[in-house]
Structure formats: structure tokens, C-alpha cells
Amino acid sequence: MASEQQLSAIKGAKVLMVGAGGIGCELLKSLALSGFQDIHIIDMDTIEVSNLNRQFLFRKSHVGQSKAKVARDAVLRFRPHISITPYHANVKDSDFNVDFFKQFNVVLNGLDNLDARRHVNRLCLAGGVPLIESGTTGFLGQVTVHIKGKTECYECQPKPAPKSYPVCTITSTPSKFVHCIVWAKDLLFAKLFGDKNQDNDLNVRSSDATSSSEHAEDVFERKKDEDIEQYGRRIYDHVFGYNIEVALSNEETWKNRARPKPLYIRDVLPIELIQQNGNADKSFVADDSSSVSAMASLGLKNPQDIWSLRENSRVFFEALRLFFVKREKEIGNLSFDKDDQLAVEFVTAAANIRAASFGIPLHSLFEAKGIAGNIVHAVATTNAIIAGLIVIEAIKVLQNDANNYRMTYCLEHPSRKMLLMPVEPFEPNKSCYVCSETPLLLEVNTSRSKLRDFVEKIVKAKLGMSFPLVMHGSALLYEVGDDLEKDMVANYEANLEKVSMAHVIVLSELPSPVSGGTILTVEDLQQELSCNINIKHREDFDEEKEPDGMVLSGWTKEKDKTTSTENGASTSNASEAVSLETKEDSDIEICPIGIESITTGTKRKLPEMSDATIPDSSKNELHEIDDDDDGDDLFMLDDGNSDGSKKKRLQ
């Protein structure tokens with residue numbers, strides 16, 4: 001039973017929930033049943049059929065409606081006397097500024113992406129509002145408490161960027177199924193169905209074209225009067241046959257690698273079977289483009305079956321045919337979506353055919369979808385546990401019970417017979433550029449890079465600023481905002497990519513030149529965040545490992561002196577503890593781009609269990625894609641010093 005003090009804090013609180021999905025539904029229910037009287041919810045999503053297995057406030061009749069509004073209506077049925085205010089909107093909208101956040105006693109996050117989490121973290125810091133973060137991935141979950149000036153903010157520990165792969169590995173020397181998926185999704189699918197003008201690393205020259213011919217035709221262009229069957233055979237032979245032969249021509253590449261086998265359609269699938277494609281299931285009818293399926297058309301039932309090379313080839317042709325017959329208007333504007341059944345079928349088939357060529361084991365559609373969308377399945381029970389823990393921490397925050405704040409991890413495998421692992425929060429990281437004043441360092445070729453490169457690749461992509469302002473001393477180089485005059489907008493846009501006498505003006509040639517030693521100030525007016533960036537000129541960058549031509553650093557884990565345990569033994573070699581930056585998504589769990597790992601040498605102390613740590617069995621379950629190739633993985637963000645270090649606990 002709650003005490004009188006707790007009930008008073010609960011009833012007088014004004015709470016903001018961000019996210020009404022898997023965690024959000026459980027959280028809203030728990031808040032209402034715990035006695036909270038004034039709850040506000042922000043969520044931009046609408047309900048999908050795939051949400052219904054675990055987002056229990058929704059029913060099939062609600063599909064297509066606002067999650068925030070339907071969740072409110074559902075809870076008011078059993079708690080009619082409380083106030084719930086829904087917002088069907090993006091939390092990054094300008095309406096939800098610092099002043100909006102200041103009206104709440106606590107903010108509870110149930111978000112599914114790093115960008116929005118960072119945004120909410122910054123608004124809470126600017127407004128001095130306590131934030132409780134959360135996330136789940138399968139059986140794993142976590143709840144963390146963030147109080148300005150007292151605990152780490154959400155961004156005190158750098159979050160690894162999404163894993164990407166060198167172009168040469170994807171296009172020429174795949175060794176894992178994930179390489180085939182990336183090739184099928186980001187290159188082949190994009191080339192066939194996406195923007196034709198986009199850069200693409202696929203070899204588009206046919207075997208008839210000479211390498212010296214600048215005007216050789218693009219083999220992916222469908223010829224006039226060419227039927228879909230002929231077009232499909234030509235694409236198949238080019239990407240799985242001719243391109244492999246081109247790769248094999250470089251003997252040096254295959255000295256220490258298994259040679260791939262070129263695949264031509266005549267050797268895999270008789271022409272009669274291609275012509276029969278789509279006729280296997282005569283009863284199949286799909287007028288709704290969203291329900292079009294090559295599997296249904298071919299009579300393939302089980303997505304967990306691993307198709308043979310012949311079956312994959314049939315799915316490849318049927319999916320291609322259905323895109324042109326049923327969804328022709330979308331071609332040219334499509335991008336891969338894990339919820340697009342036909343797109344998943346095409347990518348699975350194409351990846352498996354390529355895998356067969358390179359001697360890589362084939363995978364089922366179920367497995368391929370998981371890899372392509374970087375996903376694991378959600379567990380409703382984990383969401384419920386995490387929602388309950390959020391409410392517990394929220395009550396502590398409302399009572400100012402700082403000594404009892406806990407970051408709690410939900411484990412898949414018990415440690416010391418504990419499935420819930422509470423640890424004490426840490427003090428803010430003094431090197432965090434978000435909640436401290438520590439400057440960052442940017443290595444860049446100031447004689448080659450433009451202001452646009454800096455704004456797009458660093459300020460927006462790396463620092464997550466939505467409405468940035470860039471200053472050099474008192475000179476304003478760039479600003480964005482809804483209240484700017486048109487001539488000012490035009491002037492700042494010109495600065496991004498200035499041209500003078502047919503010469504592109506780079507950073508060092510701006511009206512206020514940017515060179516080595518320059519300090520740029522970057523602000524986001526909506527987030528009320530400001531940081532300084534020291535510029536260091538650097539001539540050359542590794543195109544594979546540093547594709548942006550810029551390296552941002554200085555955002556590191558805080559170092560403190562090594563302390564000792566009660567028995568006097570050093571804890572400098574303490575076991576790792578893992579922090580799960582996780583996300584609950586619409587129908588399946590997406591492994592996040594923000595998986596935080598506290599490296600060796602760091603130990604979060606448990607109450608009365610100072611030597612307990614999170615077990616090894618839970619450490620590696622959240623990595624987006626396991627890849628062991630040395631030097632073959634690119635991380636697009638320099639996280640600074642990765643050495644383990646001691647961190648100070650909140651006293």
C-alpha cells in the first residue's frame with residue numbers, strides 16, 4: 001500500500017508520457033491504476049494490426065487511429081475521473097518546447113529511436129524536469145533516472161552509431177548473410193524501385209558495353225516493349241552472373257578467398273517455370289497493393305521455411321513481376337520498409353541467391369526480415385515489468401527520494417537468483433557536451449569541406465540538433481527557424497554551398513573563414529543546447545573508415561581515480577555491466593543504434609551487493625549484427641576514448 005506521502009505526491013503530479021506503444025500502453029495503465037490524476041501523452045504513430053499482440057489498449061477496430069487518443073479512451077473506461085490529454089504529434093514539433101516541458105513534474109519516455117530520446121533529454125535538461133528513460137529488447141529491459149546536475153543525463157555515455165559495411169565488401173567480397181542482405185536492400189532494391197538519380201555502387205554496365213564508353217546504357221533501365229519476364233531474366237543474369245564474373249576477373253582478390261559461382265537463370269530455372277510464375281495459387285487475388293505477396297501468389301505458406309535456390313529464384317521473379325503489375329505507380333519512389341511484405345520477399349530472395357553464389361548458408365524469410373530490419377521480437381511481459389519499474393522510480397522522483405533512485409536492468413538469465421538488477425545512478429559525466437560545457441574536437445579538411453557538409457554530417461546527424469545555429473565568434477554563419485525572414489533564409493542557404501566565379505567556397509573561404517584553431521559555437525534554439533567545437537585542419541581521410549571526411553571526438557567516458565572495494569581489492573578489473581539502450585517498435589523489436597556498454601574497469605554498485613555484476617550471458621544479446629571481421633566494420637561516429645574507467649556514484 002502506498003503511504004499518505006506517496007499518495008499525496010501521486011495525486012498532485014502532472015506527468016508527461018512520450019510514446020504510447022508497447023511500453024506506453026502498459027505505463028498508462030499502471031499510472032492510472034496507481035492513482036495519477038493528470039497525465040499527458042505524446043505519440044505520432046497510428047495503430048497497426050501488428051501492434052495488437054501486445055499493445056493491449058488497442059483492438060482491431062482501432063487500426064489506423066491515433067495511438068495516443070485511443071489509449072486515452074481505453075483507460076478512461078476504467079478510470080473515468082482522471083485527466084488524460086493526448087497529442088497525436090511528433091515530440092520534436094515546435095509546440096513542445098522547453099516551456100511546454102516545464103509544466104510537468106516528471107517526464108516518462110517510452111520511445112523507439114535515439115534521435116527522439118536525445119531531443120527529450122535536452123528539453124528536460126533545459127527545463128530542469130526529471131526524466132525517466134526506459135527500453136526493452138526481447139526479455140531484456142531497463143529503466144534509468146536522469147536528474148539535471150545530480151545524475152548522468154541520457155547522453156553522458158556516447159551511443160555507438162549504426163553498423164555499416166565497406167562498399168567493397170558488399171559489392172565484391174561478401175562473407176556473411178548480412179552482407180548479402182545489405183546488398184539486396186540498399187543496392188539492388190534501391191536501384192530497381194527507388195530514385196533512379198541516386199548514387200548506387202552496383203555495376204550498371206552490361207557485358208556488351210565497353211569500359212571506355214561513357215554513354216553505355218544502364219542495364220537496369222527497362223527497354224521499350226520489353227516484357228517483365230525478359231526484363232527479369234536480364235537483371236538476374238546481370239547481377240548474379242555477369243557481375244560475379246567481373247569480380248572473378250581480379251585474381252588477386254581470390255587468392256585467399258573461396259571463389260564465387262556465377263549464376264545464370266538458364267542453369268537455375270527452366271523458362272517454363274518462369275512463365276508459370278504466379279499461377280501456382282489460382283485463388284490468389286490482391287487488389288490492395290499493401291497485401292500483394294509473391295509467397296501467396298506462389299503458394300508458399302511458411303515464412304520460416306528455407307527456400308531452395310530454385311524457389312528463391314521464383315520468388316525473385318514473382319516479386320519483380322508484382323511490383324510492375326500491381327505497384328507500378330510507386331516505382332521510382334520506393335525505399336525498403338520491413339513492414340512491406342513484397343519488399344521483404346524480394347530482398348530475401350535476392351540475398352539468398354547471392355548467398356548461394358558465394359557459398360553462404362541460405363536463410364528463411366523470417367530470419368532475413370530480422371536481419372534487414374535489425375530486429376528481435378518484443379515480449380509483452382518485459383514491457384509490463386519495465387512499466388511498473390518506471391512508476392516506482394517516478395514516485396521516488398516526486399518525493400525527492402534521491403538516495404533511493406535506481407537504474408534497474410531486467411535480465412533474461414538470473415544473476416544470484418535475481419532477474420531484476422538495481423544499480424545506483426552516477427553523477428554527470430564532466431566530459432559530456434550536452435550537460436556540461438566540455439568542447440568537442442572536429443578534424444576536417446577546411447580547404448575541401450563546405451559549410452553544408454558540417455551542418456548535415458556533424459550538427460544534424462552526429463549532434464542531433466533540429467534547429468541549429470552556427471557562429472564563428474560574433475559572425476552568424478548559419479541559422480534555421482520558422483521566424484526567419486526570406487532574405488535571411490536565402491543568405492544562410494547560400495552560405496551552405498557558396499559559389500563565386502564558378503568556384504565552390506569551402507570553410508576556409510567563408511566571409512568569416514574557418515581554419516585550424518577556429519572555435520565554432522553551435523546552438524539549438526528549441527533544445528536550448530549550446531556547445532563549442534574546436535576545429536583541427538587535417539588533409540587526408542580514409543575513404544572507407546572515415547567516409548564523411550570528418551572525425552568528431554572529445555565526447556568521452558569520464559575518468560575518475562580507481563577506488564577499492566571494502567576488502568581492499570582494486571576494482572580496476574571489475575567485470576562489465578551492460579546498459580541496454582533498447583526500443584519497442586510497432587510489430588517487432590528493433591535493436592537500437594544506442595546500445596551502451598560500460599566497458600571493463602567500470603562497476604555499478606548494487607545495494608548491499610557491491611561485488612555483483614550483470615552476468616556475461618546478457619552482454620552480447622543486443623548487438624545489432626554480430627560481425628567478427630577485423631577491420632571490416634565501420635562505425636560512423638568517433639566515440640572518443642573507449643578505455644574503461646571508473647565512474648563516480650551518486651551520493
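Me: Which residue just after H14 takes a positive phi?

Reply: Just after H14, Asn374 does so, with a phi of about 55°; H14 is a helix because it is a DSSP run of H or I with at least four residues, strands being E runs of at least two, and both are numbered from the N terminus. This is a predicted model, in which local features need pLDDT of at least 70 and side-chain atom pairs count only at pLDDT 80 or more, while totals for chains, interfaces and linings use all residues. Residues are numbered from 1 along each chain as its sequence is written, and side-chain values use heavy atoms, with hydrogens and water left out.

Me: Why is Val514 called buried?

Reply: Val514 has 1% relative accessibility and therefore counts as buried, since that term means under 20% relative accessible area, with exposed over 50% and partly exposed in between (1.4 Å probe, protein chains only). Val514 lies in the loop between strand S15 (503-504) and strand S16 (519-524).

Me: What does Val514 touch, not counting residues up to four places away in sequence?

Reply: Val514 touches Thr446, Leu477, Leu507, Ser508, Leu520 and Ile535 on that count, contact meaning heavy atoms within 4.5 Å. The C-alpha atoms of Val514 and Thr446 are separated by 6.7 Å, although these residues are 68 residues apart along the chain.

Me: Which members of the largest nonpolar core touch the most other members?

Reply: Among its 63 residues they are Trp183, Leu188, Phe193, Phe316 and Phe346; a nonpolar core is a set of buried Ala, Val, Leu, Ile, Met, Phe, Trp, Tyr and Cys residues joined through side-chain atoms within 4.5 Å. Helix H7 gives the most to this core, with 12 residues.
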